[in-house]
Amino acid sequence: MRKIVVGVFMSLDGIMQAPGGPDEDPIGGFKFGGWAAPYFDETMTEGVGEMFAKPFDLLLGRKTWDIFAAHWPYVDADDPIGPLFDRINKYVATRNPDLKLGWQNSHSLGPDAVAAVRKLKSEDGPDLLTQGSTDFLKTLLAADLVDQLNISIFPLVLGKGKRLFGDAAMPSKLKLVSSKASGTGVTVNKYVRDGDIVTGSFEFETPTDAELERRRKLT
């Protein structure tokens, strides 16, 4: 059975829109495209290398596929990522049944992307790695299909833009299995699923009259 591994660059306030360049995704008037680039150092490069070290296929939303298809096939042959992305399978979520996926080894997930992803997960093969794909990620999280989150959190607040988590994300408990801090202040974190959410309480065992009144006002 294959795992879905999410790779995310994210600001402190949860925004993951257009980390790579000013023209990557200006939708909604986003003005800070390329915000991740100034923070890259050796630790960040190593983190990306670790994510791509094991065999994987890409699982992408259509807009991110467009960005990748316009860039990676055109990099130099000695680039460490371009040739790798070229030869692996790229599974694309798109609502357009007539979309032509010209980049080699690209495959549409069809009209029911969630069902197609469930089928891919059930098969033998390498893990399915997402990059970007904000809208599609929300769908995967709502369907409880994500097994691992690799989140690099950057020390900046962007205020407005596309965020990783939406209100429909399936509640789940995660376990932090590794964390590194770069010299530029980015924390590179790996989380895996860790069962159901467990709750507790800091309240008095017997609530005060003031607390009971507070609860009454809430209802």
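## Val 186 and its surroundings

In this predicted model, Val 186 counts as buried, because its relative accessibility is 0%. Val 186 belongs to the loop that runs between strand β7 (174–181) and strand β8 (187–193). When residues up to four places away in sequence are set aside, Val 186 touches Tyr 39, Met 44, Ser 152, Ile 153, Phe 154, Pro 155, Lys 180 and Ala 181.

Leu 158 gives a further point of reference, since 28 residues in sequence separate Leu 158 from Val 186, and the distance between their C-alpha atoms is 15 Å.

## The chain as a whole

The chain contains 6 helices and 8 strands, and their order along the sequence follows the pattern β-α-β-α-α-β-β-α-β-α-β-β-β-α. Taken along the principal axes, the C-alpha atoms fill a box of roughly 70 × 40 × 35 Å. Of the 219 residues in the chain, 41% are buried, and among the contacts between residues at least 6 apart in sequence, 70% join residues at least 24 apart.

The chain exposes an area of about 13,000 Å², of which carbon and sulfur atoms supply 55%. The chain carries 26 positive and 30 negative charges, and the mean positions of these two sets are 4 Å apart.

## Aromatic pairs

A search of the whole structure finds 12 aromatic pairs. One of them joins Phe 9 and Phe 40 in an edge-to-face arrangement, with 5.6 Å from centre to centre and 70° between the planes. Phe 9 lies in strand β1 (residues 4–11) and Phe 40 in the loop between β1 and α1 (42–51), so this pair ties together parts of the chain that are 31 residues apart in sequence. Phe 9 is partly exposed, with a relative accessible area of 23%, and Phe 40 is also partly exposed, at 36% relative accessibility.

Another pair is formed by Phe 68 and Phe 85, whose ring centres are 5.6 Å apart and whose planes meet at 20°, so that the pair is stacked. This pair links distant parts of the chain, with Phe 68 in helix α2 (residues 62–69) and Phe 85 in helix α3 (residues 82–87), 17 residues apart. Phe 68 is buried, with a relative accessible area of 13%, and Phe 85 counts as buried at 1% relative accessibility.

## An aromatic cluster and a charge over a ring

Phe 9 and Phe 40 also belong to one aromatic cluster, which they form with Trp 35, Tyr 39 and Phe 154. Among these residues, Tyr 39 and Phe 154 are touched by the buried Val 186.

Elsewhere in the chain, the ring of Trp 103 has the charged end of Lys 90 sitting over it, at 4.5 Å from the ring centre.

## Two loop residues with positive phi

Asn 105 has a phi near 60°, which is a positive value in a residue other than glycine. Asn 105 is found in the loop between β3 (90–93) and β4 (106–108), and with a relative accessibility of 30% Asn 105 counts as partly exposed.

Asp 144 likewise has a positive phi, of about 60°, although Asp 144 is not a glycine. The loop that holds Asp 144 runs between α5 (134–142) and β6 (148–154), and Asp 144 is partly exposed, with a relative accessible area of 30%.

Methods. Residues numbered from 1 in each chain as written. Predicted model: local features only at pLDDT ≥ 70, side-chain atom pairs only at ≥ 80, totals over all residues. Heavy atoms only, no water. Phe/Tyr/Trp six-rings, centres within 6.5 Å; stacked < 30°, edge-to-face > 60°. Helix = DSSP H or I, 4+ residues; strand = E, 2+ residues; numbered from the N terminus. Buried < 20%, exposed > 50% of the residue type's maximum accessible area, 1.4 Å probe, protein only. Lys NZ or Arg CZ within 6 Å of the ring centre and 35° of its normal. Contact = heavy atoms within 4.5 Å. Areas by Shrake-Rupley, 256 points an atom, 1.4 Å probe, with all protein chains shown as cover. Lys, Arg positive; Asp, Glu negative; His and termini not counted. Charge placed at Lys NZ, Arg CZ, Asp CG, Glu CD.
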